[in-house]
Amino acid sequence: MLATLSRETAAYGVRLTPRQTRQFETYLSLLADWSQRVNLVGNADAEVVQRRHFLESIALGAALREREILRPDTDLLDVGAGAGFPGAVLKIVWPGIRLTLLEATAKKTAFLSALVESLELDETAVLTGRAETLAHTPGLRGRFDLVVARAVAPLAVLLELTLPFARVGGRVVTPKGSRAAEEIAAAGHALAVLGGKVFTVPLPVPGPPQTLVAVMKERETPSEYPRRPGLPAKSPL
């Protein structure tokens, strides 16, 4: 069932334990079951999920581990967590991290809660709500060492949704495809306003080239950001 995952994780310096293998098997089964009722992924085929979601999430984590951005005790937030990629995968492979999964759609957070329970993931919280609102919540704003987001929004929009959650010195990380340089250029004003400095990290994955865009939070984000729900996407900085 996990032949592809077991074979190819070694390329990222990861060797799955029996417990981790069982967790990924359970993950696949839950995803296939829930996908009959909830739109979690475009294709829940086991081979597609292993390559497109599990392996790409592990590649992201490995690249961050190599650069000591993802550490054993990292307090990590996954914004727009959807079906749990990359956050839940990172928690399985690097179980010492503290994980918060944030998702606006209640049906998806119901899946995430069932996933966390089934996989017995400790120090893992699931939040339902919009980033624009929750980023103003004490205990969440300015808290996280690392904020990750995958396929959520163009970079200029994404930064407004994510940087407020990061502590000063923390990072926001998102994988981008062939338009990474274009999105970075378009996000120049957002970076200046929100207090971030951008750098890139190669992301070695099969298929089309990808780049990890990493933004270090250099100073506190002004209190008026993020703006009210919907406005960051409608009128990017």
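Helices and strands are taken here as DSSP runs, numbered from the N terminus. On that footing, Pro-226 is placed in the loop between β7 (210-217) and α10 (231-234). The structure is a predicted model, and the residue before Pro-226 makes a good place to start.

Tyr-225 and Pro-226 are joined by a cis peptide bond, with omega at about 0 degrees. Another cis bond runs from Phe-85 to Pro-86, where omega is near 5 degrees. Pro-86 sits in the loop between β1 (75-79) and α4. Such bonds deserve a mention, because most peptide bonds are trans and most residues other than glycine have a negative phi. On the second count, Glu-68 stands out with a positive phi of about 60 degrees, although it is not a glycine. Glu-68 belongs to the loop between α3 and β1, and its relative accessible area of 62% makes it exposed. Glu-123 also has a positive phi, near 45 degrees, and lies in the loop between α5 and β3 (124-128).

Glu-68 returns in the description of internal space. The search of the whole structure yields 1 cavity of 30 Å³ or more, and the largest cavity holds about 40 Å³. Its lining is made up of Glu-68, Ile-69, Arg-71, Asp-145, Arg-167, Gly-169, Gly-170 and Arg-171. Strand β5 (residues 166-176) gives the largest share of this lining, with 4 residues. Sorted by class, the lining of the cavity comprises 5 charged, 2 polar and 1 nonpolar residues.

Open space comes next. The largest pocket encloses about 570 Å³. It is lined by 27 residues, and those closest to its centre are Gly-80, Glu-103, Arg-150, Ala-151 and Val-152. Two or more lining residues come from each of α3, β2 (98-103), α6 (131-134) and α7. The lining of the largest pocket divides into 14 nonpolar, 7 polar and 6 charged residues. For the second largest pocket, the volume is about 230 Å³. Here 13 residues form the lining, with Arg-52, Glu-56, Arg-150, Pro-175 and Gln-210 the closest to the centre. Both α3 and β5 supply at least two residues of this lining, and the largest share, 3 residues, is from α3. By class, the second largest pocket is lined by 6 nonpolar, 3 polar and 4 charged residues. Arg-150 is thus listed among the residues closest to the centre of the largest pocket and of the second largest pocket.

Two of the residues at the second largest pocket, Glu-56 and Arg-150, also pair with one another. Their side chains form a salt bridge, at 3.3 Å from N to O. This pair ties together distant parts of the chain: Glu-56 is in helix α3 (residues 46-66), whereas Arg-150 is in the loop between β4 (144-148) and α7 (155-162), 94 residues apart. Glu-56 is buried, with a relative accessible area of 10%, and Arg-150 counts as buried at 14%, because the cut-off for burial is under 20%.

The count for the model comes to 15 salt bridges. In general, side chains of opposite charge can pair when their charged atoms come close. One such pair is Glu-183 with Lys-176, whose closest N and O atoms are 2.9 Å apart. Both ends are on the buried side of the cut-off, Glu-183 at 17% relative accessibility and Lys-176 at 11%. Elsewhere, salt bridges with shared partners connect Arg-7, Glu-8, Glu-47 and Arg-51 into one network. A further bridge links Arg-37 to Asp-33, with the closest N and O atoms 3.5 Å apart. Asp-33 is partly exposed, its relative accessible area being 36%.

Finally, helix α2 (residues 18-34) is worth a closer look. Helix α2 contains 17 residues and spans 24 Å between its first and last C-alpha, close to the 24 Å expected at 1.5 Å a residue. Its buried residues are Gln-20, Gln-23, Phe-24, Tyr-27, Leu-28, Leu-30, Leu-31 and Trp-34. The spacing of such a list can be read with the helix repeat in mind: an α-helix has 3.6 residues a turn, so residues three or four places apart point the same way. The cover over the buried residues of α2 includes α1 (3-8), α3, α4 (87-93) and α5 (106-119).

Key:
Residues are numbered from 1 along each chain as its sequence is written. This is a predicted model: local features need pLDDT of at least 70, side-chain atom pairs count only at pLDDT 80 or more; totals for chains, interfaces and linings use all residues. Side-chain values use heavy atoms; hydrogens and water are left out. A salt bridge is a side-chain nitrogen of Lys or Arg within 4 Å of a carboxyl oxygen of Asp or Glu. Buried means under 20% relative accessible area, exposed over 50%, partly exposed in between (1.4 Å probe, protein chains only). The expected span of a helix is 1.5 Å times one less than its number of residues. Contact means heavy atoms within 4.5 Å. On a 1 Å grid over the protein atoms alone, a cavity is a set of points where a 1.4 Å probe fits but cannot get out, and a pocket is an open set with protein on both sides within 12 Å along at least five of seven lines; lining residues have an atom within 4 Å of a point. Grid points are joined across faces, edges and corners, and a volume is the space filled by probe spheres set on the points. Ala, Val, Leu, Ile, Met, Phe, Trp, Tyr, Cys and Pro count as nonpolar, Asp, Glu, Lys and Arg as charged, and the others, Gly among them, as polar.
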